[in-house]
Amino acid sequence: MPTQDQTRRLPSQSISQDITSLHGLQTVSTYDTTRADASVANLLQAYQDMLMQQQAETEKLTLYRAATDAARLAEWEFHNAVLAMKEVIRGQYGSDSDQAQAVGLKKKSERKRPSRKKSVAMA
C-alpha cells in the first residue's frame, strides 16, 4: 500500500462517509477487536478530537477574516487621509510648489505638454 499524503486535506465527502461508518459501527453490538487503533473507544476519541479541531479552525478563520477586514479598512482610511493631505498641500502651496513635490506630487511645470497629432491626408 503506498504511503498516504497527509499534507493535503481529505475531501469532505470522505469525512462524511467516515462519520456515517462510525455511526453504523455503533449499531453493531458484537464488534470487538485486538487492534487498539480500531477500537470503538479510540474511534470515538478520534471523532471528538476531529470535531474540536474543526471548531477551533472555524473560530480562528473567523478571527482571521475579521482581522483582514479591519486591516483593509485601516488601509483605506490611511489612503484617503493621504489623498486629503495632498489636496490640502496642493490648495495651500500650489500645484507647482516644492512642498507638493515633497509629498509625491508632480510639479505642474514639469508635466509634459500634450502634442498635437498630425493627421495624415488620405489620397
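This report walks through the helices, salt bridges, surface patches and a few single residues of a predicted model.

## Helices and long spacings

Let's start with the helices as a map for the rest. Helix H1 covers 12–25, and a loop holding Val28 links H1 to H2. Helix H2 runs over 40–93, and another loop, where Ser97 sits, joins H2 to H3. Helix H3 spans 98–102, and the segment after H3 includes Lys106.

Two pairs of residues give you handy distances to check in your viewer. How far apart are the C-alpha atoms of Ala46 and Thr68? The separation is 32 Å, for residues that stand 22 apart along the chain. Ala46 belongs to helix H2 and is partly exposed, at 43% relative accessible area. The second pair is Ala67 and Ile89, again 22 residues apart along the chain, with 33 Å between their C-alpha atoms. Ala67 is a residue of helix H2, and its relative accessible area of 47% makes Ala67 partly exposed.

## Salt bridges

How many salt bridges does a search of the whole structure find? The search returns four, and here are some of them in detail.

Asp37 pairs with Arg35 through their side chains, with an N to O distance of 2.9 Å. Arg35 is exposed at 52% relative accessible area, whereas Asp37, at 46%, counts as partly exposed. Within helix H2, Asp69 and Arg72 are three residues apart, which means that about one helical turn separates them. These two residues form a salt bridge whose closest N and O atoms are 3.3 Å apart. Both partners are partly exposed: Asp69 has a relative accessibility of 37%, and Arg72 has 40%.

Asp98 and Lys107 make another bridge, where the side chains meet at 2.7 Å from N to O. Are its two ends buried or exposed? Asp98 is exposed, at 53% relative accessibility, but Lys107 is buried, at 15%. Lys107 counts as buried because its value falls under the 20% limit.

## Ser97 and its polar contact

Ser97, in the loop between H2 and H3, is a good residue to zoom in on. Its relative accessibility is 9%, so Ser97 counts as buried. What does the side chain of Ser97 reach? The partner is the backbone nitrogen of Ala100, at 3.1 Å.

## Surface patches

Now for the surface, where you can look for one charged patch and one nonpolar patch. Which residues form the positive patch? Its members are Arg90, Lys106, Lys108, Arg111 and Arg113. Lys106, from the segment after helix H3, has a relative accessible area of 51% and is therefore exposed. That value also clears the over 30% cut-off required of patch residues.

The nonpolar patch brings together Val28, Tyr31, Val40 and Leu44. Together these four residues have about 270 Å² of accessible area. Val28, in the loop between H1 and H2, is partly exposed at 41% relative accessibility. As with Lys106, the figure for Val28 is over the 30% needed for a patch.

Notes
Residues numbered from 1 in each chain as written. Predicted model: local features only at pLDDT ≥ 70, side-chain atom pairs only at ≥ 80, totals over all residues. Heavy atoms only, no water. Patch = residues over 30% accessible without salt bridge, like charges linked within 9 Å, V, L, I, M, F, W, Y side chains within 5 Å. Areas by Shrake-Rupley, 256 points an atom, 1.4 Å probe, with all protein chains shown as cover. Lys, Arg positive; Asp, Glu negative; His and termini not counted. Charge placed at Lys NZ, Arg CZ, Asp CG, Glu CD. Helix = DSSP H or I, 4+ residues; strand = E, 2+ residues; numbered from the N terminus. Buried < 20%, exposed > 50% of the residue type's maximum accessible area, 1.4 Å probe, protein only. Polar contact = N/O pair within 3.5 Å; in protein donor to acceptor, adjacent residues only side chain to side chain.
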